[in-house]
Amino acid sequence: MALGGTEGKSGRMAGMPVVNGYVVSSNPRVTCVHEPTQAVTQVMVHGGWGHRLRDEVSWVLRACVAETPRVLLVDAARLDDPAGESAATWRIAARYAAESDPPISVIVCAAAGGLRRRLATGGVEQVPSMAAGLAAVARADDRAAVTHHVSLPAQHGVAALARTMAADTCVAFALPHLDYPARLIVSELVGNAVEHAGTNLDVWVSMRGAMVHLAVQDRSPALPPLLDARPGNVRAGGMGLRIVAATATAWGALPCAVGKVVWATLATRLRRVS
Amino acid sequence: MTYFGDGGARLHVAVRGDADQLTITLTGELDRVSGPPLADVLVGAMDTGVRSVWVSMAQVGFVDVAGVRVLVDAYEAGAGRGVVLQLRDPQPHIVWLLQETEAAHLLSAQAAPVRDLGRRIAPHGDAWADERDRLLRERQQRTAEHQRWEDVREDLADARERDLDRREDRR
């Protein structure tokens, strides 16, 4: 499982990791699928429950929550946990997500046997199957989330259109201090998608609680590289993402049914400088 | 000269000066579309025998990483020809970007460093200290998130223990 926040080995700030990145790649044990239109992330867990799987799952759930989806669906159909030992982890995740800003629902789908019984008490929403989970998501109110979306072809010039949409959104929500950060992030994410994926792309700008959420989906499954040490040169590869990391409150990438989404959030309140 | 990008990006370039010094005034957005034509103008200007090129940035509202790359390339091309390139009066958010991309040496000496987007610090601010502060702040944020997860875990474990105790008492 590749996750953000790896320690830098060299560079101008050796030993100081870039810590606000959440790049989630799927592996045979934990698979993630994000659906940007509905702002839903599915996490599928495979195999026998144990320390290793628990640690991986807690990382992935935290990374998914950082992206601020509307709903997090956990597919337990292929989870082998007859005694229900994973119940504590799902309870923690549900409460952790509910206490986030904005609050996020966690729904456990297709839990069997002991796990289903142990989750029956303790505040975790359960449905019998992933299909039922998706139906629940479709029924749920959209919490009046305001989302702007545009589909664009793989041309360099489209970054200007995408960042204008981001700027308009910031102005519409009376967040002028986020105008440049939002334009810069969207511009770099779209530029990366055009350059590295070279496919049609979709851009979303939305308000989620106290966050402006920016997301770019392309049709290539290749995830962006983790940020290691910071290079001292603007020509070094990955500078665009480094700038996104330096500008955003948090950023990351999630696999989608087709391709991936690279996202970034900007807190609407100015960060406190301690 | 005005360059229109195919996505609507626009950069206007005005050149004036004398045999010794040129001022190139930019208006608009400098990105990976408008950057390459500007690179041609900048390198062309350096081949006229001038000793310095000032790029007036006051009316540039947006620069991306590719735009910084064009300016750094021009600065280095100038250094090879004995021409000094200097960015004049960029807006604070663009000063911030230049610092983050280690291109602050393109700024004239009087430019005040910018710590956070939209935030200006005292001119004696140390860029290294700022960088360290920012990373520490981010690390604290990440640690706080981890702590929140652990707190929830502990709360739930406590609640469970109380439940068990109550059941024991009832027996």
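Read from the N terminus on, the elements of chain B follow the order β-β-β-α-β-α-β-α-α, and they amount to four helices and five strands. Here helices (H or I, at least four residues) and strands (E, at least two) are DSSP runs that are numbered from the N terminus. The model is predicted, so that local features need pLDDT of at least 70 and side-chain atom pairs count only at pLDDT 80 or more, while totals for chains, interfaces and linings use all residues. Residues are numbered from 1 along each chain as its sequence is written, and chains are lettered from A and ligands numbered from 1 in the order in which they are written.

## Chain B

Strands E2 (residues 10-17) and E3 (residues 21-30) of chain B run antiparallel and are joined by seven bridges, where two strands are said to pair if DSSP finds at least two bridges between them. The link from E2(B) to E3(B) is a hairpin through three residues, and within this pairing Val13(B) has Leu26(B) of E3(B) as its bridge partner. E3(B) also pairs with strand E4 (residues 52-63) of chain B, this time in the parallel sense and over nine bridges; there, Ile24(B) has Val55(B) of E4(B) as its bridge partner. In general, strands of a sheet pair through backbone hydrogen bonds, either parallel or antiparallel.

Together with helix H1 (residues 35-46) of chain B, the strands E3(B) and E4(B) make a right-handed β-α-β unit. A crossover is called right-handed if, with the strands pointing away from the viewer, the path from the first strand over the helix to the second runs clockwise.

For chain B as a whole, 33% of the 171 residues count as buried, a residue being buried if 20 or more other C-beta atoms lie within 10 Å of its own, exposed if 12 or fewer, and partly exposed in between, with C-beta atoms placed from the backbone. Of the contacts in chain B with a separation of 6 or more, 62% are between residues 24 or more positions apart; two residues are in contact if their C-beta atoms, placed from the backbone, lie within 7 Å.

## Chain A

In chain A, an open sheet of five strands with mixed pairing has the order E2-E3-E5-E7-E8. Its edge strands are E2 and strand E8 (125-127) of chain A, each of which pairs on one side only. On average, neighbouring strands of this sheet are turned by 25° against each other, direction ignored; axes are lines fitted to C-alpha atoms, for helices over the stretch in contact, and angles run from 0 to 180 degrees between N-to-C directions.

Within this sheet, E5(A) and E7(A) pair in the parallel sense over five bridges, and Val74(A) has Val108(A) of E7(A) as its bridge partner. H2(A) packs on the sheet, where it touches E5 and E7 of chain A, and its direction makes about 155° with that of E7(A).

Two loop residues of chain A, neither of them glycine, have a positive phi.

| Residue | Phi | Loop in chain A | C-beta atoms within 10 Å |
|---|---|---|---|
| Ala39(A) | near 55° | between E2 (30-35) and E3 (40-45) | 23, buried |
| Thr68(A) | near 55° | between H1 (51-66) and E5 (71-75) | 22, buried |

Another loop of chain A, between helix H2 (87-98) and strand E7 (105-109), holds Pro102(A). The peptide bond that joins Asp101(A) and Pro102(A) is cis, with omega about 0°.
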